[in-house]
Amino acid sequence: MKISQNIAISENGFLFNPATGDSFSTNDTGKEIVRLLQEGKNQAQILDAMEGLFATDRASLEKDLADFLYMLGNYRILDANTAPGSL
Amino acid sequence: MKSTPNASGRIPCTVAVSGLNNVDSPGPGMPVIRALRQSHRYDFRIVGLSYDSLEPGLYMHDLVDKSYQVPLPSAGTGALMERLRYLQSVENIDVLIPNFDAELHNFIRLAPTLESELGIRTFLPSLQEFDARHKAVLHEYGQLHGVKVPVASTVFTINEFHRALDVSVYPLVVKGKYYDAQIAHSADEALSAFYKISAKWGLPVLVQQYVRGTEVNVTALGDGAGKCIGAVPMRKLYITDKGKAWAGVSIEDPELMRLSAALVASARWKGPCELEYMRTEDGEYYLMEMNPRFPAWVYLAVGCGQNHPEALVDLALGQKPPAMNDYEVGKMFIRYSQDLVVSMQEFEKISTLGEL
């Protein structure tokens with residue numbers, strides 16, 4: 001699971017994909033996940049990092065993270081070959 | 001043209017530009033003029049060429065120094081040449097940049113005479129090059145230059161249209177010879193599109209394979225000897241009901257740039273062009289159209305660091321501008337509309353005297 005090359009994210013959580021021209025806004029949580037992806041962290045490592053930040057169970061976090069990553073894949077922010085659900 | 005710089009350190013140069021119709025389906029003239037106004041090397045005097053008294057550029061005096069009506073392309077080269085002889089007796093035009101598809105044929109035919117008789121330079125493709133990239137023969141053009149182009153049939157009659165439908169897969173695209181395109185998902189929709197488009201734009205009509213994907217466009221400039229002087233790719237962000245870009249962003253797409261530079265080189269394209277591609281989900285690129293002029297969004301290229309109209313003037317004057325390989329990614333353009341308040345005297349002047 002790798003983030004697409006050259007994805008830029010601002011301090012405000014504004015994402016720009018220079019390959020497609022698409023832009024998106026995300027909240028602080030999304031921004032943190034993108035930052036961790038840019039550091040090369042995998043799904044389990046991201047989950048570990050997020051677990052301490054939210055007063056919720058790991059299963060809920062896991063589901064929300066999977067949803068978010070699926071959305072990133074759909075928007076071509078994750079490399080097509082590494083996005084969740086890719087063959 | 002004086003080759004010595006004036007007091008501002010820039011070389012004086014008079015350029016005639018057409019396409020002043022800065023309307024909802026804008027001509028490229030005003031963006032070309034704004035690009036020329038950004039030049040640090042030339043001090044341009046801009047002469048506008050118009051076909052209609054309501055072209056907004058006529059009244060934009062901060063951008064256009066003087067304007068003249070010219071005969072419609074249908075009047076032919078004789079009437080155009082006569083008008084340009086008059087213009088040149090008053091002005092001292094160094095370079096002429098035509099910006100309408102429909103007028104290019106006349107200007108290409110006149111180009112040698114314009115230079116030899118009037119000293120007006122142009123930088124245009126030959127008639128052969130111009131006709132070779134026409135949408136009716138674009139598939140063959142693509143095969144010749146190694147670019148994928150959707151398969152298309154050119155039909156001149158309703159019987160030919162029905163025969164084309166028999167061997168087509170839906171959805172397909174019905175296209176007018178100059179403008180307009182409609183996607184059809186059935187024979188009924190295709191037939192309706194055929195009648196509508198042929199009534200508006202005449203025959204032939206094109207029946208083209210539909211390619212699903214994202215439209216990406218490139219504005220480029222070729223030196224006619226196989227060198228791509230500049231190229232900037234853009235994706236439309238907001239499209240008007242006429243299919244025109246109202247907003248767009250420069251993108252980073254090395255494969256698109258490689259393809260475009262290779263096409264300009266292989267075709268030895270001379271002058272500006274707009275390459276319209278469809279990028280499929282599989283990362284394939286299909287050339288949908290090649291327009292033989294600057295696009296109306298060419299000013300974005302200036303914002304990205306490449307002034308194509310200025311480089312075109314260099315080429316027309318026989319200079320060899322260096323290739324511009326870099327551009328800024330993520331630069332956006334957003335159009336706006338604004339009311340110009342003009343006096344009836346100005347409208348009267350251009351309408352009756354043909355000059356403003």
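Strand E1 of chain B, residues 11-18, is joined to strand E4 of chain B by 3 bridges, and the two run parallel. I should state at once that this is a predicted model. Within that pairing, B:Val17 has B:Ile97 of E4 as its bridge partner.

Let me now place these two strands in their sheet. In chain B, E1 and E4 belong to an open sheet of 4 strands, ordered E3-E2-E1-E4, and the pairing is parallel. Which strands form the edges of this sheet? They are strand E3, residues 66-69, and strand E4, residues 95-97, of chain B, each of which pairs on one side only. On average, neighbouring strands of the sheet are turned by 25° against each other, with direction ignored. As a general remark, the strands of a sheet pair through backbone hydrogen bonds, in either a parallel or an antiparallel manner.

A helix accompanies these strands. Helix H10 of chain B, residues 308-316, lies across E1, E4 and strand E2, the last being residues 42-50. The direction of H10 is at about 135° to E4 of chain B.

I turn next to the domains of chain B. The assignment gives domain 1 as 11-123 together with 339-352, and domain 2 as 151-209. How far apart do the C-alpha centres of domain 1 and domain 2 of chain B lie? The separation is 35 Å.

Finally, colleagues, the contact between the chains. Here 6 residues of chain A are in contact with 8 residues of chain B. On the side of chain A that touches chain B, 3 residues are nonpolar, 3 are polar and none is charged.

Methods. Residues numbered from 1 in each chain as written. Chains lettered and ligands numbered in written order. Predicted model: local features only at pLDDT ≥ 70, side-chain atom pairs only at ≥ 80, totals over all residues. Domains from an automatic or database assignment. Pairing = 2+ DSSP bridges. Axes fitted to C-alpha atoms, helices over the stretch in contact; angles between N-to-C directions. Contact = placed C-beta atoms within 7 Å. Nonpolar A, V, L, I, M, F, W, Y, C, P; charged D, E, K, R; others polar.
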